[in-house]
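Reader: Hi! Could you walk me through this one while I look at it?
Author: Happy to.
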Amino acid sequence: MDGFVAGSPAYIAPETWAERPVTPLVDVYALGAMMYRTLASRTPFPIDNLVELFRLVTRGERPSLHAYRPDLPVEVDRWTQQALAADPKIRFQTPRAVYRSL
């Protein structure tokens with residue numbers, strides 16, 4: 001349905017928030033958010049205010065996983081940064097690319 005978004009706000013890709021065309025890359029973003037939460041024990045943008053969450057997800061700096069888990073290899077932080085990229089063109093472009101990078 002037009003104008004309706006289903007999902008948990010913490011896992012919704014920036015293009016969905018901004019009402020741009022939705023592609024399979026929204027799933028890459030959601031996977032990145034789930035990975036971040038699994039490894040950091042918090043969502044990438046732990047904000048309750050939806051307006052602020054929208055701003056951070058669509059335009060804010062990507063969160064650093066390394067800030068919460070310095071014991072993890074830097075490559076894991078790079079992976080989450082790419083998976084959570086605000087610009088879908090920067091995200092992994094296929095499920096195979098996500099898998100191979102992992």
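Reader: Let's start with L25. Where is the place of L25?
Author: L25 sits in helix α2. Helices here are DSSP runs of H or I with at least four residues, strands are runs of E with at least two, and both are numbered from the N terminus. One thing to know early: this is a predicted model, where local features need pLDDT of at least 70 and side-chain atom pairs count only at pLDDT 80 or more, while totals for chains, interfaces and linings use all residues. Residues are numbered from 1 along each chain as its sequence is written, and side-chain values use heavy atoms, with hydrogens and water left out.

Reader: Thanks! Does L25 count as buried or exposed?
Author: L25 counts as buried, at 12% relative accessibility. Buried means under 20% relative accessible area, exposed means over 50%, and partly exposed is in between (1.4 Å probe, protein chains only).

Reader: And what does L25 touch?
Author: Not counting residues up to four places away in sequence, L25 touches E15, P88, R91, F92 and Q93. Contact means heavy atoms within 4.5 Å. As for E15, its C-alpha lies 9.4 Å from that of L25, with the two positions 10 residues apart in sequence terms.

Reader: P88 caught my eye. What separates the C-alpha atoms of T23 and P88?
Author: They are separated by 9.1 Å, although T23 and P88 are 65 residues apart along the chain. T23 is found in the loop between α1 (14-17) and α2, and T23 is partly exposed, with a relative accessible area of 34%.

Reader: Switching topic: which residues touch the most other members in the largest nonpolar core?
Author: Those are Y29, Y36, F45, V57, L65 and L84, out of 13 residues in that core. The largest share, 5 residues, comes from α2. A nonpolar core is a set of buried Ala, Val, Leu, Ile, Met, Phe, Trp, Tyr and Cys residues joined through side-chain atoms within 4.5 Å. There is also a second, separate core of 6 residues, which includes V28, W79, A83 and F92.

Reader: Nice. Where is L65 found?
Author: L65 is in the loop between α3 and α4. L65 counts as buried, at 1% relative accessibility. Leaving aside neighbours within four places in sequence, L65 is in contact with Y36, L39, A40, L72, V76, D77 and T80.

Reader: What about Y36, what is that in contact with?
Author: With the same four-place neighbours left aside, the contacts of Y36 include P44, P63, L65, Y68, T80 and L84.

Reader: T80 again! Which residues are buried in helix α4?
Author: In α4 (residues 74-83), the buried ones are D77, W79, T80 and A83. Seen down the axis of α4, they fall within an arc of 160 degrees, so they line one face of the helix. That arc is taken from the directions from the helix axis to the C-beta atoms.

Reader: What do those buried residues pack against?
Author: They pack against α2 (25-40) and α5 (95-101). The face of α4 turned away from its buried side carries the exposed residues E75 and R78.

Reader: Last one, the overall picture: how many helices and strands does the protein have?
Author: The protein has 5 helices and 0 strands. Along its principal axes, the C-alpha trace spans about 45 × 30 × 20 Å. Of the 102 residues, 35% count as buried.
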